[in-house]
Structure formats: C-alpha cells, structure tokens
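Let's take a walk through a protein model together. Have a look at the fold first, and then we'll go through it piece by piece.

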Amino acid sequence: MKLVFLGPPGAGKGTQAGDVARHFGVPHISTGDMFRAAIGGRTPTGLRAKAFIDAGELVPDAVVIDMVRERLAQDDCANGYLLDGFPRTVEQADALADIAGPDRVVYIAVADQPLLKRLTGRRVCADCKGTFHISRLADEKVCPDCGGALIHRSDDQEETIKARLAAYHSQTSPLIDYYKDKGILRTVDGAMAQDQVRVQILAALESEA
C-alpha cells in the first residue's frame, strides 16, 4: 500500500506513521530522515541538496522530488511506502503522482488552538532527549526520567508555531481538496488520544488494504 500522511505541525503524523507503516509492512519515509540518509550516503541528489543547505538556502522542489524518486526506487518500497512530510505543495503532489502516486492519503485533522496548546507545552530534556508535556509534569524544569534540565525549544515558542501553521495553511492545506477530489482522502480526528487516533487510521485503511 502506498500512503501519504497529511496534517499540521504537531498533529502527530510521525508518531502514528511509524506504527501504521509497520502494520502494513512498508517503510516509513519522513522527509527529514530521507534528507539525512541521502546527504550522509553522499548520493548525487544528497550532495545537491547539501550544497543548498550549506548556503543557507531552501532546497528547490526539483531536488526534493529527485530525492523522493531515488528513495522510492529502493527495494524496500517494492510493496509500497508511507510518506510523512512529502508532498507539501500541489506541485509536489503532481510530481509524486508521476513517480508512484498514493493509494490512500490520511489527513490527521487538528484545529490550531489545540495544536498551540500541545506544542507550546512541549519540553525536551537536555540530557536524555526525552520529550514531555507540562500538563503531565510535576516540575516543568526537571526531567522525570533522568533529572536533567528540561528545555523549551525555540521551535516550540508560540510565535514560531504560529508562523509554521500559517505556512502550512497557505502551502499544504490545499492538498486536502486535491486528494479529496481524487477520492483517496481519509480524515481522522487528531485531537483524540494517541491510541484512539491509531485505531481510526487503521479502521479507515484496513477495509481497503
């Protein structure tokens, strides 16, 4: 099965994607991991991407698309894939359709306000790198696992998150209608508990697997 996960930052796409990919026996391919593997492996596309990153520039669509094409041609994708973080635009979705278009697209829907609460309350341990939410912490400055200092990352500051959400709404949310028009979009409620979201996703996909 060829799958794409869509949703705003903090919707839980990465968390859900790993379990769902294992369930269907396909690789979970996140954009970040794909970039790191291509650059670390010094593939031609990875080296092209590195040149832009080192110059502080955005990697052009053409390079990202070539990287996706390169990754999906690998043997572990013979039975499908689960893409998380790609496509981000309608143009990228058109390119993916030419490479190996998805069978189903899962949209994990969460409204902006719950996302702000979820992300601004996130803390990361400087030592063990564990991630926690202040709603479940006795002391929001101390890691409950190792006693290390908990950090409020710049990525989790309210203004940063609002900027990311604005970019998502302008660039990526048009993909919802794009895939709905193709009849392959499946929407789940990402505001529910993690296990409940997973149940929704599998229920939406298993009847058509």
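Which two strands does helix 2 lie across, and at about what angle does it run to strand 2? Helix 2, made of residues 31–40, lies across strand 2 and strand 3, and it runs at about 80 degrees to strand 2. Keep in mind as you look around that this is a predicted model.

**A glycine in helix 2**

Let's stay with helix 2 for a moment, since Gly32 has its place there. Is Gly32 buried, exposed or partly exposed? Its relative accessibility is 29%, so Gly32 counts as partly exposed. For "buried", the value would have to be under 20%, and for "exposed" over 50%. Now look for Gly85: it is 53 residues away from Gly32 along the chain, yet the C-alpha atoms of the two are separated by 8.0 Å.

**The five-stranded sheet**

Next up is the open sheet of five strands, which has parallel pairing and the order 2-3-1-4-8. Strand 2 and strand 8 (185–189) are the edges, and each of them pairs on one side only. On average, neighbouring strands here are turned by 20 degrees against each other, direction ignored.

Here are some of the pairings, each with one bridge you can find in the model:

| Strand pair | Sense and bridges | One bridge to look for |
|---|---|---|
| Strand 1 (residues 2–6) and strand 3 | parallel, four bridges | Phe5 with Asp84 |
| Strand 2 (residues 28–30) and strand 3 | parallel, three bridges | Ser30 with Asp84 |
| Strand 4 (residues 104–109) and strand 8 | parallel, five bridges | Tyr107 with Thr187 |

Did you spot Asp84 in the table? In strand 3, Asp84 is the bridge partner of Phe5, and it is the bridge partner of Ser30 as well.

What about the two faces of strand 3, residues 81–84: are they covered or open? Both are covered: Tyr81 and Leu83 are buried on one side, and Leu82 and Asp84 are buried on the other. That back-and-forth fits a general rule: in a regular strand the side chains alternate between the two faces of the sheet.

**A helix with two sides**

Now move along to helix 7, residues 158–172. From its first C-alpha to its last, this helix of 15 residues reaches 20 Å, close to the 21 Å expected at 1.5 Å a residue. Which residues of helix 7 are buried? They are Ile161, Leu165, Tyr168 and Thr172. These four cover an arc of only 80 degrees around the axis, which puts them on the same side of helix 7. The general idea is simple: an α-helix has 3.6 residues a turn, so residues three or four places apart point the same way.

Turn to the other side of helix 7, and you'll find Glu159 and Ser170 exposed. The buried residues, meanwhile, pack against strand 1, strand 4, helix 6 (112–120) and helix 8 (174–181).

**The antiparallel strands**

Last stop! Strand 5 (residues 122–125) and strand 6 (residues 131–133) run antiparallel and are joined by three bridges. In this pair, Val124 stands opposite Thr131. The hairpin they form has five residues between the strands, and there Lys129 takes a positive phi near 70 degrees.

Which other strand pairs with strand 5? That is strand 7 (residues 150–151), which is antiparallel to strand 5 and pairs with it over two bridges. To find the spot, look for Cys125, which stands opposite Leu150 in strand 7.

Definitions and conventions. Residues numbered from 1 in each chain as written. Heavy atoms only, no water. Buried < 20%, exposed > 50% of the residue type's maximum accessible area, 1.4 Å probe, protein only. Pairing = 2+ DSSP bridges. Axes fitted to C-alpha atoms, helices over the stretch in contact; angles between N-to-C directions. Contact = heavy atoms within 4.5 Å. Expected span 1.5 Å × (residues − 1). Arc of directions from axis to C-beta.
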